[in-house]
Amino acid sequence: MEHFDIAICGYGPVGSTLAGLMGKLGHKVLVVEKNIGPSPTARAINTDGEQLRTFDRLGIAEKVVENSAEIQRVHFGDANLKPIQTIEQPVGVSAMGWPNQVLFYQPELEGFIRTSVESENNILIKEGTELLSFEDTSEGVYLNCKNSGRDLTFFSKYLIGCDGASSFVRRELDVDLEDFEYNQEWLVCDAHLTEKINIPEKEAMQVCDPKRPGTYVPGRRGHLRFEFKKMPGEDSKELEEDENVWKLLKPWINENNAKLERAQVYSFHACIAETWRKGNVLIAGDAAHQMPPFMGAGMGTGIRDITNISWKLDLLLKNKASKEILDTYQKERHSHAKWTIAQTVTIGQVIEGFCAAAEGKEYEPKGPSYDVNFPHIPSGIYSDPTDMITGVPIPQPVLTKNNKKEMLDRIIDETFAVLTQQSNLDLTDKAKAIVDLLDIKLITVDPREDSEERLKTVFEKYKAVLVRPDKYTYGGVEDISSLSKMIESLEKEFSLKT
Ligand SMILES: Cc1cc2nc3c(=O)[nH]c(=O)nc-3n(C[C@H](O)[C@H](O)[C@H](O)COP(=O)(O)OP(=O)(O)OC[C@H]3O[C@@H](n4cnc5c(N)ncnc54)[C@H](O)[C@@H]3O)c2cc1C
């Protein structure tokens with residue numbers, strides 16, 4: 001029986017990205033996927049600067065951006081597609097070092113991720129292989145799979161279920177879902193322009209038509225995404241018929257200028273798993289949370305999950321931390337994911353609210369208003385998160401060092417890093433031992449190297465900041481003599497084996 005460090009169930013965008021991260025960290029990885037080939041149709045279409053930082057670690061961020069579109073504004077519009085309210089979207093490179101938000105085509109994105117993953121010879125991909133059962137023991141997990149009628153058994157120190165909304169792994173762990181009671185069915189259509197027409201290319205719209213709420217999103221190279229709410233009494237199969245679909249698409253496109261890729265009714269749910277880990281088995285991505293797609297954040301939430309867990313698994317597998325480090329995964333990610341779900345539900349309510357207003361009913365939004373800023377991770381940090389620096393991704397400048405321009409993430413690479421403008425750091429022996437254990441990079445930043453001044457506010461507040469391998473700021477110190485104390489605190493926070 002072949003042994004692995006990490007087994008991943010599911011080769012969707014979340015499982016494949018995790019495989020790439022763990023493979024590049026040098027671990028022996030197994031992926032089991034019941035289907036063959038990337039998802040043939042798009043579901044996710046939108047990604048952000050933070051996720052692009054993760055994709056950059058797989059060497060594909062530039063490719064993703066080159067093959068994406070950006071939108072400048074999102075409208076809430078009426079039944080005649082006239083904007084009622086507009087949200088301006090920042091375009092161009094953001095403080096993340098990448099565009100704030102880009103629209104990709106999922107089969108293409110999955111192809112980029114897979115090419116990167118499959119270039120690593122320590123990752124075994126078993127497609128057409130279904131995980132049928134597993135047994136968790138104190139040493140690791142035994143996996144029983146089936147491939148074309150053949151039984152296959154593997155052993156892995158850890159199993160991560162990235163197996164989507166109806167996750168087999170989550171069900172086997174007997175984990176309950178907290179349900180936000182948001183259950184709607186929407187017809188999702190993808191079309192491609194066959195000729196250039198006059199249609200908004202950089203503006204998306206949530207159509208607040210009480211007779212049929214909908215969504216229009218222009219993707220890259222003529223890819224168009226439409227979503228239409230299934231109304232009471234409608235039959236899914238009938239709604240999916242080409243004739244009906246073209247009727248719905250009429251305000252934008254027709255059969256002479258576009259071709260239909262697919263139209264399918266999806267059930268949108270909002271829920272979150274109550275437990276993200278049992279023993280050596282964890283869940284991530286849609287297996288751990290689901291949300292309606294109004295904010296385009298489902299996949300992104302999963303990419304954040306695996307960016308968080310990958311470096312912790314790495315420390316564990318390298319025997320630098322004890323198993324308790326895995327407890328920090330749910331603590332850090334659960335409330336963030338729950339907040340994201342609440343935001344997407346709120347957008348759904350805003351659409352419903354505008355629809356009600358169009359019918360002359362009173363509009364009373366429930367819950368908090370739409371806010372595009374993600375909140376801090378609530379633990380795994382050192383300083384005060386209200387500083388807007390701690391617990392969020394560190395801004396990414398392109399630093400000019402020795403006449404060479406280099407993105408901060410590529411200098412930090414896969415480790416912790418101290419960023420400071422001071423060159424003499426007088427560390428305690430204990431702090432030095434932790435620096436050695438974790439290979440913490442000590443990076444001196446001269447303000448002249450940061451020409452866009454992306455780290456300016458960071459250094460106005462702190463003499464030094466400590467950045468985690470997921471590029472979240474662990475904390476900062478206002479007095480450089482406190483740096484050792486901050487480094488030493490990593491021992492308890494992440495159960496280090498010092
Ligand atoms: C209409 C729509 C629009 C969306 N738009 C966006 C968007 O713009 N941005 C965004 O971020 N998100 C969006 N999402 C959400 C996004 O698509 C999902 O969050 C994302 O695909 C989840 O990825 P995943 O890898 O966790 O799961 P999946 O993509 O579902 O992959 C799970 C994989 O596990 C495999 N699997 C399952 N069980 C087993 C088993 N027992 N053995 C082996 N393999 C197994 C499956 O075959 C599958 O390949 C949208 C979703 C929908 C429906």
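Which helix gives the most to the shell around the ligand? I looked this up and found that α8 does, with four residues. I took helices (H or I, at least four residues) and strands (E, at least two) as DSSP runs, numbered from the N terminus.

**Basis.** I worked with a predicted model, in which local features need pLDDT of at least 70, side-chain atom pairs count only at pLDDT 80 or more, and totals for chains, interfaces and linings use all residues. I numbered residues from 1 along each chain as its sequence is written.

**Ligand shell.** I counted a residue as near the ligand if its C-beta atom, placed from the backbone, lies within 6 Å of it. Of the 32 residues around the ligand, I noted that G10, G12, G164, G285 and G298 come nearest. I found that α1 (13–24), β2 (29–33), β8 (129–136) and α8 (298–317) each supply at least two residues of the shell. By class, I recorded 15 nonpolar, 11 polar and six charged residues in the shell. Here Ala, Val, Leu, Ile, Met, Phe, Trp, Tyr, Cys and Pro count as nonpolar, Asp, Glu, Lys and Arg as charged, and the others, Gly among them, as polar.

**Helix α8.** I read its length as 20 residues, with 28 Å from the first C-alpha to the last. This is close to the expected 28 Å, which is 1.5 Å times one less than the number of residues. I found 19 of the 20 residues of α8 buried. A residue is buried if 20 or more other C-beta atoms, placed from the backbone, lie within 10 Å of its own, exposed if 12 or fewer, and partly exposed in between. After α8 I came to N319, whose phi is positive, near 60°.

**Domains.** I used bounds from an automatic or database domain assignment: domain 1 (2–70 + 99–178 + 272–358), domain 2 (181–269) and domain 3 (385–493). The contact between domain 1 and domain 3 takes eight residues from domain 1 and nine residues from domain 3, where contact means C-beta atoms, placed from the backbone, within 7 Å. On the side of domain 1, I found that α2 (49–57) and α8 give two or more residues.

**Positive phi.** Is S148 buried or exposed? S148 counts as exposed, because it has 6 C-beta neighbours inside 10 Å. I noted its positive phi of about 45°, although S148 is not a glycine, and placed S148 in the loop between β9 (141–147) and β10 (150–161).

Technical notes. Two residues are in contact if their C-beta atoms, placed from the backbone, lie within 7 Å.
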